[in-house]
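Please look over the sequence and the structure below before reading on. The paragraphs that follow lead from a single residue outward to the helices and cores around it.

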Amino acid sequence: MTMSTTRDIHVPEFLAGDEFSIPTYRVLNQEGTLYEGAEEPPLERELARRIYQAMITTRVLDERMMAAQRQGRLSFYMQCTGEEAAVIGASAALDDADMIMAQYREQGALVYRGFTIDEFMNQLFGNELDYGKGRQMPIHYGSRKLHYMTISSPLATQIPQATGYAYGQKLAGDGLCTTVFFGEGAASEGDFHAALNMAAVHEVPVIFFCRNNGYAISTPAIEQFAADGVAPRAFGYRMHVIRVDGNDILAVYRATQEARRIAVEHNKPVLIEAMTYRLAAHSSSDDPSGYRSRKEEEAWREKDPILRMKRWMIDKGWWDEEEEKTLQEQLRREVLETLKQAEKRPPPPLDSLVTDVYAEVTPGLQHQLDALKAHIRRYPDAYPKGARSLDPEVSRTDDANDKGES
């Protein structure tokens with residue numbers, strides 16, 4: 001069986017890949033008007049407004065929660081700032097039943113699909129209403145009902161998982177696909193290459209969506225790879241690929257629409273490289289001033305994807321400044337009020353630490369749990385939340401005091 005099509009040569013001839021030049025797909029310029037020759041995708045008014053409102057909600061949530069982290073109310077946070085068009089534009093092009101596997105900067109996808117501010121807060125504070133029962137770091141969201149796989153900390157593990165999940169979708173034949181988000185830094189992990197090879201060989205409906213935001217924490221892209229970005233790697237796996245302006249909501253939306261069609265109709269994987277920029281720090285633990293200049297950041301602020309879409313919406317008569325002001329004010333109030341409620345809720349019951357792994361709690365786990373409870377009861381002041389969880393009367397008294405009840 002012939003595995004490849006080649007031509008014969010009789011003297012050494014080496015190729016470096018320089019003959020592959022991947023263009024960048026753009027539709028909307030920074031002024032909010034179409035590039036000459038560009039075609040506006042069929043995006044109806046209500047869908048455009050839903051996308052834009054999701055972008056604003058994500059930005060406001062990020063600003064408020066980063067402030068809460070700096071106030072010591074939250075241990076950790078990561079922002080999507082500057083990458084909203086890439087994440088939300090792609091999500092809008094999917095079927096709401098398609099699986100999304102995220103890295104850790106894709107909260108906008110959840111916002112778009114209807115994850116409430118209250119659900120965000122419960123996860124961030126790991127309280128009794130957190131779907132993950134307080135077992136994860138903040139920003140490790142997950143939602144079964146919204147088809148959003150729970151985030152895990154190890155970098156790039158979601159990429160091969162997406163290939164496997166998409167293989168299951170292919171077997172099910174339901175006409176759905178999986179989209180997996182990751183950064184260009186994660187594309188340097190071995191998981192990336194294993195996933196793309198498996199997807200291409202087994203022909204599964206998966207979209208690999210790379211947010212190339214310029215930095216893997218503090219390492220600039222120029223120090224991460226010698227090739228022309230991540231997109232050319234698709235050729236090694238004979239995979240469909242497109243590079244898109246990640247700050248152009250119309251280009252991202254249209255490119256993902258077409259990628260989904262290829263994935264679902266032909267069971268072919270697709271790689272999308274969205275060229276964007278992380279305007280915020282890598283995380284609340286990072287200081288970007290140590291590895292990039294203010295001048296560089298300001299240059300990219302002029303390319304803000306939200307501002308670009310806003311200008312396009314206003315030009316079409318689908319949005320105005322008064323609506324913008326009203327939405328911003330309403331969101332800030334909602335985020336702050338919900339934050340205050342979520343941080344007062346008690347943590348999950350201590351017994352939940354040892355559930356959900358085995359059908360019945362093993363003797364070893366039960367022994368550890370009993371020892372933990374004894375330790376907390378001995379030193380309740382050192383573990384106020386644990387003590388609250390152990391003693392329902394304390395919890396009810398604290399809640400009453402918080403509400404000003406006697």
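T57 has its place in helix 1, where helices are DSSP runs of H or I with at least four residues, strands are E runs of at least two, and both are numbered from the N terminus. At 14% relative accessibility T57 counts as buried, a word that here means under 20% relative accessible area, with exposed meaning over 50% and partly exposed lying in between (1.4 Å probe, protein chains only). When its neighbours within four places in sequence are left aside, T57 is in contact with V111, I117 and L331, contact being defined as heavy atoms within 4.5 Å.

The model is predicted, so local features need pLDDT of at least 70 and side-chain atom pairs count only at pLDDT 80 or more, while totals for chains, interfaces and linings use all residues. Residues are numbered from 1 along each chain as its sequence is written, and side-chain values use heavy atoms, with hydrogens and water left out.

I117 leads on to helix 4 (residues 117–125), which packs against helix 1 at an angle of about 35°, the axes being 12 Å apart; axes are lines fitted to C-alpha atoms, for helices over the stretch in contact, and angles run from 0 to 180 degrees between N-to-C directions. Helix 1 passes helix 4 in a right-handed crossing, that is, with the near helix turned clockwise from the far one by less than a right angle, whereas an anticlockwise turn is left-handed. In this packing T57, L61 and M65 of helix 1 meet I117, F120, M121, L124 and F125 of helix 4. By class the contact has 7 nonpolar residues, 1 polar and no charged ones, with Ala, Val, Leu, Ile, Met, Phe, Trp, Tyr, Cys and Pro counted as nonpolar, Asp, Glu, Lys and Arg as charged, and the others, Gly among them, as polar.

Helix 4 is mostly covered, 8 of its 9 residues being buried, and what covers these buried residues includes helix 1, helix 3 (107–113) and helix 10 (321–344). After helix 4 comes G126, whose phi is positive, near 60°. Helix 2 (residues 84–92) is largely enclosed by the rest of the structure, because 9 of its 9 residues are buried.

M65 and M121 also appear in the largest nonpolar core, of 73 residues, in which they and Y141 touch the most other members; such a core is a set of buried Ala, Val, Leu, Ile, Met, Phe, Trp, Tyr and Cys residues joined through side-chain atoms within 4.5 Å. Helix 1 (residues 45–70) supplies the largest share of this core, 11 residues. A second, separate core of 25 residues includes V180, A195, L196 and V230.

A195 belongs as well to the meeting of helix 5 (residues 158–172) with helix 6 (residues 190–202), whose axes come within 7 Å and cross at roughly 20°. That angle makes helix 5 roughly parallel to helix 6, since angles under 35 degrees count as roughly parallel, over 145 as roughly antiparallel, 65 to 115 as roughly perpendicular and the rest as oblique. Helix 5 passes helix 6 in a left-handed crossing. The contact is made by I159, P160, T163, Y167 and K170 of helix 5 together with D191, F192, A195, M198, A199 and H202 of helix 6.

Helix 5 also holds A166, which is buried with a relative accessible area of 0%. Not counting residues up to four places away in sequence, A166 touches T178, V204, P205 and V206.
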